[in-house]
Amino acid sequence: MKIPRSTLEQWQVLQAIVECGGYAQAAEALHRSQSSVSYMVAKLQEQLGVELLEIDGRRARLTKTGEALLIKARELLGGAFQLEQLAGSLAEGWEPEVSIAVDSLFPVELLVQVLRDFEPWAKHTRVNLEETVLSGSEDALIEKRVDIAIVSGIPAGFLGDALMDIEFVAVAHPCHPLHALGRELEVEDLNHNLHIVVRDSGTLNPRDHGWLNNNGRWTVTSPHTRMELICNGIGFGWLAEHKIQKQLEQGLLKPLPLRVGQRRKLSLSLVVANPELAGPATCRLANLIRKVVVDGIQLRPLCE
């Protein structure tokens, strides 16, 4: 196995000379003697067989070769510091990876804010995000694939904290035949029209929340695809109101005048898979979710 002839310490000294402007200044910054600084650079040049510095007046400047090599050396020094930070984080118990399952109903803008706030705290913690529909987040908890989950139903054996209520409204394109009836709608009216639903991403205890018992049903796997179909006049469905505010304002969707059942409500909860064993990263992420949801609801109600 080959061993490098140069050391990170030598490259750090070279970097200090360049940044500080000279040997004396670098020695002061590094708390070394000037002779030791001069020796380390001379030894580095000897080991590499190239000139790294040239004296210009009272300042030490990099040669062209020195410039090219120091660019790579800075990358190595940065990597070494990151390695030490990682070791420190692991020593403090920070997990190298945190996995989270998030129900697709959770507002995207809040999820982005959570991860933005989490990133500075977890430079060395990878985030594995699984986006789910209906019981998908519950499966992730039961199968021990995640540390945290935002769920629409808390599975047996777990405890959770209520996060927020999601309100759904029955909608169709304004030109849909259901709107053309010009009266309050009954279930029978819906049964004669195409209903667009989203398939449960879970497999252990799949649910058909909000599905009507009619044969006129199309099933898709993406909530976004369902919304696009309905916005383009294909079928109707109950969509999360906070997800379709823009489409309602643009006139692409219009609430159906149902006599009963126009609106539905579903609660999202936060579950930490193993609260007693949760590490600092998991706890930090869970606390940020709680905080961002509370602040978000105070600033901008999502489901009125």
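**Helix packing and the largest pocket**

In this predicted model, helix 1 and helix 3 cross in a left-handed manner. Their axes approach within 9 Å, and the crossing angle is roughly 115 degrees. Helix 3 spans residues 34-48. On the helix 1 side, the contact involves E9, Q10, W11, V13, L14 and I17, and helix 3 contributes V37, M40, V41, K43, L44, Q47 and L48. Nine of the residues in this contact are nonpolar, two are polar and two are charged.

Helix 1 (residues 8-20) also packs against helix 2 (residues 23-30), with axes that come within 8 Å and cross at roughly 120 degrees. The crossing of helix 1 and helix 2 is right-handed. Here the contact is formed by V13, A16, I17 and C20 of helix 1 together with Y23, Q25, A26, A29 and L30 of helix 2. Eight nonpolar residues and one polar residue make up this contact, and no charged residue takes part. V13 and I17 of helix 1 belong both to the contact with helix 2 and to the contact with helix 3.

An unreviewed UniProt entry annotates residues 7-63 as "domain: HTH lysR-type". Over residues 7-63, helix accounts for 63% of the chain and strand for 14%. The C-alpha atoms at the two ends of this stretch lie 20 Å apart.

Attention then turns to the pockets. The largest pocket encloses about 600 Å³ of space. Its lining comprises 32 residues, and those nearest the centre are S104, L105, V198, P223 and R226. Two or more lining residues come from each of the following elements: strand 3 (97-103), helix 5 (108-118), strand 4 (126-132), strand 7 (195-198), helix 9 (223-231), strand 9 (237-240) and strand 11 (263-272). By class, the lining of the largest pocket consists of 19 nonpolar, eight polar and five charged residues.

Note on methods:
Residues numbered from 1 in each chain as written. Predicted model: local features only at pLDDT ≥ 70, side-chain atom pairs only at ≥ 80, totals over all residues. Heavy atoms only, no water. 1 Å grid on protein atoms, 1.4 Å probe; cavity = no way out; pocket = protein on both sides within 12 Å on 5 of 7 lines; lining within 4 Å. Points joined across faces, edges and corners; volume = space filled by probe spheres on them. Helix = DSSP H or I, 4+ residues; strand = E, 2+ residues; numbered from the N terminus. Nonpolar A, V, L, I, M, F, W, Y, C, P; charged D, E, K, R; others polar. UniProt positions renumbered as here; feature names shortened; annotations may be inferred. Axes fitted to C-alpha atoms, helices over the stretch in contact; angles between N-to-C directions. Left-handed = near helix turned anticlockwise from the far one by under 90°. Contact = heavy atoms within 4.5 Å.
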